[in-house]
Amino acid sequence: MIRNTEKTLSEVMQILKERGYTEDFNLLEVKKSYIKNGEPVNLNDLVIDKIYRFSGANNVEDEAILYAMRNIKDGIKGVFVNGYGLYI
């Protein structure tokens, strides 16, 4: 279920961080491992716990989706942000 929220992306990321979602899974595209321990990550082990959608008031490029995810193998939790808009 996608949740719309009145909070900003950074506010929700801070709340999730306080709840243990500390890893930045955006970096998995580059590193394919966790920053802390360098363990390889099997993407099949990642589960999405929550999805938040952020809408820009006037600009489509301000829209984003935030995924709160965890690794079922080791319990590590983190976030992944997917931005909308054109990338040129």
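What follows is a look at the pocket, the ring contacts and the salt bridges in this structure. The model is a predicted one, so everything here is computed from its atoms.

Start with the open space. The largest pocket holds about 220 Å³. Its walls come from F25, L28, E29, K32, V41, L43, L46, V47, I48, Y67, M69 and F80. Three elements put in two or more residues apiece: α2 (28-31), β3 (46-54) and β4. Of the contributors, β3 gives the most, with 3 residues. As for chemistry, the lining is mostly greasy stuff: 10 nonpolar residues, 2 charged ones and no polar ones.

Two of the lining residues, Y67 and F80, turn up again in the ring contacts. The structure has just 1 aromatic pair. In that pair, the ring centres of Y67 and F80 sit 6.2 Å apart with the planes at 45 degrees, so the arrangement counts as tilted. The contact bridges distant parts of the chain, with Y67 in strand β4 (residues 64-71) and F80 in strand β5 (residues 77-83), 13 residues apart. Y67 itself is buried: its relative accessible area is 18%, and the cut-off for that label is under 20%. Another ring has a charge for company, as K77 lies over the face of Y21, at 4.8 Å from the ring centre.

Then there are the charged pairs, and the count comes to 2 salt bridges. In one of them, the side chains of R70 and D49 meet at 2.7 Å, N to O. This is again a link between distant parts of the chain, with R70 in strand β4 and D49 in strand β3, 21 residues apart. Neither partner is buried: R70 is partly exposed at 31% relative accessibility, and D49 is partly exposed too, at 27%.

The other salt bridge joins the side chains of E63 and R53, at 3.4 Å from N to O. Here E63 belongs to the loop between β3 and β4 while R53 is in strand β3, so the pair ties together parts that are 10 residues apart in sequence. The two ends get different labels for exposure: E63 is buried, with a relative accessible area of 15%, whereas R53 is partly exposed at 27%.

Taken together, strand β3 keeps coming back: it gives the most to the pocket lining, holds D49 of one salt bridge and holds R53 of the other. Strand β4 is a repeat visitor as well, with Y67 in the aromatic pair and R70 in a salt bridge.

Terms used
Residues are numbered from 1 along each chain as its sequence is written. This is a predicted model: local features need pLDDT of at least 70, side-chain atom pairs count only at pLDDT 80 or more; totals for chains, interfaces and linings use all residues. Side-chain values use heavy atoms; hydrogens and water are left out. Rings of Phe, Tyr and Trp (its six-membered ring) pair if their centres lie within 6.5 Å; planes under 30 degrees apart count as stacked, over 60 as edge-to-face and the rest as tilted. Helices (H or I, at least four residues) and strands (E, at least two) are DSSP runs, numbered from the N terminus. Buried means under 20% relative accessible area, exposed over 50%, partly exposed in between (1.4 Å probe, protein chains only). A charge sits over a ring if NZ of Lys or CZ of Arg is within 6 Å of the ring centre and within 35 degrees of the ring normal. On a 1 Å grid over the protein atoms alone, a cavity is a set of points where a 1.4 Å probe fits but cannot get out, and a pocket is an open set with protein on both sides within 12 Å along at least five of seven lines; lining residues have an atom within 4 Å of a point. Grid points are joined across faces, edges and corners, and a volume is the space filled by probe spheres set on the points. Ala, Val, Leu, Ile, Met, Phe, Trp, Tyr, Cys and Pro count as nonpolar, Asp, Glu, Lys and Arg as charged, and the others, Gly among them, as polar. A salt bridge is a side-chain nitrogen of Lys or Arg within 4 Å of a carboxyl oxygen of Asp or Glu.
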